[in-house]
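Colleague: Please take one helix of this model and examine it closely. I should like to know which of its residues are buried and how it is placed, followed by an account of the rest of the chain.

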Amino acid sequence: CPLIVVSDRFETMTGYSKHEILGRNCRILSKDCPLNQQDAFELRQTCKTGQPFTGVLLNRKKSGRLFQNLVSLRGLTVASNPHTGQRLWFVVGI
């Protein structure tokens with residue numbers, strides 16, 4: 001999922017400026033970081049279904065320094081097709 005909005009605090013925490021990170025996949029933060037299988041499974045489910053995920057993930061700053069990141073993700077429905085019921089939704093992370 002590409003990042004479409006980040007906060008000023010995100011820039012401070014990760015070392016990436018908005019200009020550098022917007023449009024890029026958030027996986028850039030977890031490059032070469034271990035991830036347990038359960039978290040990996042739950043993250044995939046969140047991306048597929050929008051089901052909530054909250055966990056502490058090991059991430060990497062632009063400088064290469066590791067940090068623990070408390071991540072909370074969930075699907076946010078912004079519209080639905082009245083004829084088919086199909087949802088238009090995004091994964092939102094805090």
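Modeller: Within helix H3, the buried residues are Asp39, Ala40, Leu43, Gln45 and Thr46. Here, buried denotes a relative accessible area under 20%. An α-helix has 3.6 residues a turn, so residues three or four places apart point the same way. The partners of the buried residues of H3 are S1, S2 and strand S3 (87-93), against which they pack. It should be kept in mind that this is a predicted model.

The length of the helix can be checked against expectation. H3 comprises 13 residues, 37-49, and at 1.5 Å a residue it should span 18 Å. The expected span is taken as 1.5 Å times one less than the number of residues. The C-alpha atoms at the two ends of H3 are 18 Å apart, which agrees with that expectation.

Both ends of the helix can be described as well. At the start of H3, Asn36 places a side-chain oxygen within 3.0 Å of the backbone nitrogen of Gln38. Just after H3, Gly50 adopts a positive phi of about 85°.

The setting of this helix is as follows. The protein chain contains three helices and three strands, and along the sequence these follow the pattern α-α-α-β-β-β. The C-alpha trace spans about 50 × 30 × 15 Å along its principal axes. Of the 94 residues in the protein chain, 27% are buried. Among the contacts with a separation of 6 or more, 28% are accounted for by residues 24 or more positions apart.

As for confidence, the protein chain has an average pLDDT of 94, and 100% of the residues score at least 70. Among the elements, S1 has the highest mean pLDDT, at 97, and S3 the lowest, at 91.

One residue of the strands deserves a closer view. Phe67 is found in strand S2. Phe67 is classed as buried because its relative accessible area is 10%. Not counting residues up to four places away in sequence, Phe67 touches Met13, Thr14, Leu57, Leu58, Asn59, Arg60 and Lys61. Val56, 11 residues from Phe67 in sequence, lies 9.9 Å from Phe67 in space, C-alpha to C-alpha.

Charged pairs come next. Side chains of opposite charge can pair when their charged atoms come close. The structure holds three salt bridges. In one of them, the side chains of Lys18 and Asp8 meet at 2.4 Å, N to O. This pair links distant parts of the chain, with Lys18 in helix H2 (residues 18-21) and Asp8 in helix H1 (residues 8-14), 10 residues apart. Lys18 also forms a salt bridge with Glu11, at 3.1 Å, N to O. Asp8, Glu11 and Lys18 are thereby joined in a network of salt bridges.

The accessibility of these three residues can be stated individually. Asp8 has a relative accessibility of 53% and therefore counts as exposed, the threshold being over 50%. Lys18, at 28%, counts as partly exposed, and Glu11, with a relative accessible area of 22%, is likewise partly exposed.

The remaining pair is a salt bridge between the side chains of Lys62 and Glu20, at 2.4 Å, N to O. Lys62 lies in the loop between strand S1 (53-60) and strand S2 (66-80), whereas Glu20 lies in helix H2, so the pair ties together parts that are 42 residues apart in sequence. Lys62 is partly exposed, with a relative accessible area of 44%, and Glu20 is partly exposed, with 28%.

The cysteines conclude the account. A search of the whole structure finds zero disulfides. Cys26 counts as partly exposed, at 37% relative accessibility. Cys47 is also partly exposed, with a relative accessible area of 40%.

To return to the part under examination, H3 has buried residues that include Ala40 and Leu43, and its buried residues pack against S1, S2 and S3.

Conventions. Residues are numbered from 1 along each chain as its sequence is written. This is a predicted model: local features need pLDDT of at least 70, side-chain atom pairs count only at pLDDT 80 or more; totals for chains, interfaces and linings use all residues. Side-chain values use heavy atoms; hydrogens and water are left out. A salt bridge is a side-chain nitrogen of Lys or Arg within 4 Å of a carboxyl oxygen of Asp or Glu. Helices (H or I, at least four residues) and strands (E, at least two) are DSSP runs, numbered from the N terminus. Buried means under 20% relative accessible area, exposed over 50%, partly exposed in between (1.4 Å probe, protein chains only). Contact means heavy atoms within 4.5 Å. A polar contact is a pair of N or O atoms within 3.5 Å; within protein, one must be able to donate a hydrogen and the other to accept it, and residues adjacent in sequence count only if both atoms are side-chain atoms. pLDDT is the predictor's confidence in each residue, from 0 to 100. A disulfide is a pair of cysteine sulfur atoms within 2.5 Å.
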